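I opened the notebook to look up a few side chains, their partners and the strands that carry them. Entries follow in the order I took them.

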Amino acid sequence: MASYIFNKFKLELAKGNVDLEAVDDVFKVALVVSAAAFSAHVGTMADISATWDTLSATWDISNVSAYNSTGYTSLGLSGCEVVQDDTNNRVRWTADNLTWNSATIDADGYVIFRASDGLMVAAGDKGAMQSSTNGNFTLQWDSNGILTIA
């Protein structure tokens, strides 16, 4: 589940300006070396392009689609679904896991953003560096979904 949810996204979601099932909105995922870089910025950063310029040295990324690796580009989410869980009194946002094929990647986190305007949705820390060497790198979502509203 996401470690950080950006305040601008919360505002746009509350105003009804975000479609989490990706019918009207397309969401992309970029890998990062350290999702912890976001902890001090969840209230101030809203646009992925501006954020990249500010934190690229920390992330070891030159731009949203050019992570310092082989076989990497940011990927779009598919299978997005909002699920009502009446047993636990919550709503979960889920999507299909993502796989970068034939890639050499070292990453411990990710950033989700809306492709149309760069609206930063959430950042997640996977807890430890994950690696692939000319193989598949898979980002598997938590069983509770990407985001949970309780």
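**Entry 1: a serine in a strand**

In which strand does Ser132 lie? I find Ser132 in strand β7, which covers residues 120-139. I note at the start that this is a predicted model.

I then looked up how much of Ser132 is accessible. The relative accessible area of Ser132 is 7%, so I enter this serine as buried, the limit being under 20%. A polar atom of the Ser132 side chain lies 2.8 Å from the backbone oxygen of Ala103. I also listed the contacts of Ser132, leaving aside neighbours within four places in sequence: they are Ala103, Thr104, Ile105 and Phe137. Ala103 is thus on the contact list and also supplies the backbone oxygen for the polar contact.

**Entry 2: an aspartate in β4**

I looked up Asp85 next and found this residue in strand β4, residues 81-85. Is Asp85 buried or exposed? I get a relative accessible area of 13% for Asp85, which counts as buried because the value is under 20%.

The Asp85 side chain reaches the backbone nitrogen of Thr87 at 3.3 Å. With neighbours within four places in sequence left aside, I record Arg90 and Arg92 as contacts of Asp85.

I followed β4 to its partner. β4 and strand β5 (residues 90-94) run antiparallel and are joined by five bridges. Within this pairing I noted Val82, which stands opposite Trp93 in β5. The hairpin of β4 and β5 has four residues between the strands, and Asn89 there takes a positive phi near 55°.

**Entry 3: salt bridges**

How many salt bridges does the structure hold? I count four salt bridges, and I describe some of them here.

Lys8 and Glu12 meet through their side chains in a salt bridge, at 3.2 Å from N to O. Both residues lie in helix α1 (residues 7-14), four residues apart, about one turn of the helix. I looked up their accessibility as well. Lys8 is partly exposed at 36% relative accessibility, whereas Glu12 is buried at 12%.

I then turned to Arg114. The side chains of Asp25 and Arg114 form a salt bridge of 3.3 Å, N to O. This pair links distant parts of the chain: Asp25 sits in the loop between α1 and β2 (27-32), Arg114 in strand β6 (residues 98-114), and they are 89 residues apart. I have both Asp25 and Arg114 down as buried.

Arg114 also meets the side chain of Asp117 in a salt bridge, at 2.8 Å from N to O. Asp117 is partly exposed, with a relative accessible area of 39%, while Arg114 is buried at 7% relative accessibility. I enter Asp25, Arg114 and Asp117 as one network, joined by salt bridges that share partners.

**Entry 4: aromatic pairs**

I searched the whole structure for aromatic pairs and found three. One of them is Trp100 with Phe137, edge-to-face, 6.1 Å centre to centre and 70° between the planes. Trp100 lies in strand β6 and Phe137 in strand β7, so this pair ties together parts that are 37 residues apart in sequence. Trp100 and Phe137 are buried. I had already met Phe137 as a contact of Ser132.

Tyr110 and Trp141 form another edge-to-face pair, with 5.0 Å centre to centre and 85° between the planes. Here too the pair links distant parts of the chain: Tyr110 is in strand β6 and Trp141 in the loop between β7 and β8 (147-149), 31 residues apart. I record Tyr110 and Trp141 as buried.

**Entry 5: the sheet**

In what order do the five strands of the open sheet stand? I read the order as β1-β7-β6-β2-β3, with antiparallel pairing. Why is one side of β1 and of β3 left without a neighbour in the sheet? β1 (4-5) and β3 (75-76) stand at the edges and have a single partner strand each, so one side of each has no neighbour there.

I checked one pairing inside this sheet. β2 and β6 run antiparallel and are joined by six bridges. Tyr110 in β6 is the bridge partner of Leu31. This closes a loop in my notes, since I have Tyr110 paired with Trp141 as well.

Methods: Residues numbered from 1 in each chain as written. Predicted model: local features only at pLDDT ≥ 70, side-chain atom pairs only at ≥ 80, totals over all residues. Heavy atoms only, no water. Helix = DSSP H or I, 4+ residues; strand = E, 2+ residues; numbered from the N terminus. Buried < 20%, exposed > 50% of the residue type's maximum accessible area, 1.4 Å probe, protein only. Polar contact = N/O pair within 3.5 Å; in protein donor to acceptor, adjacent residues only side chain to side chain. Contact = heavy atoms within 4.5 Å. Phe/Tyr/Trp six-rings, centres within 6.5 Å; stacked < 30°, edge-to-face > 60°. Pairing = 2+ DSSP bridges.
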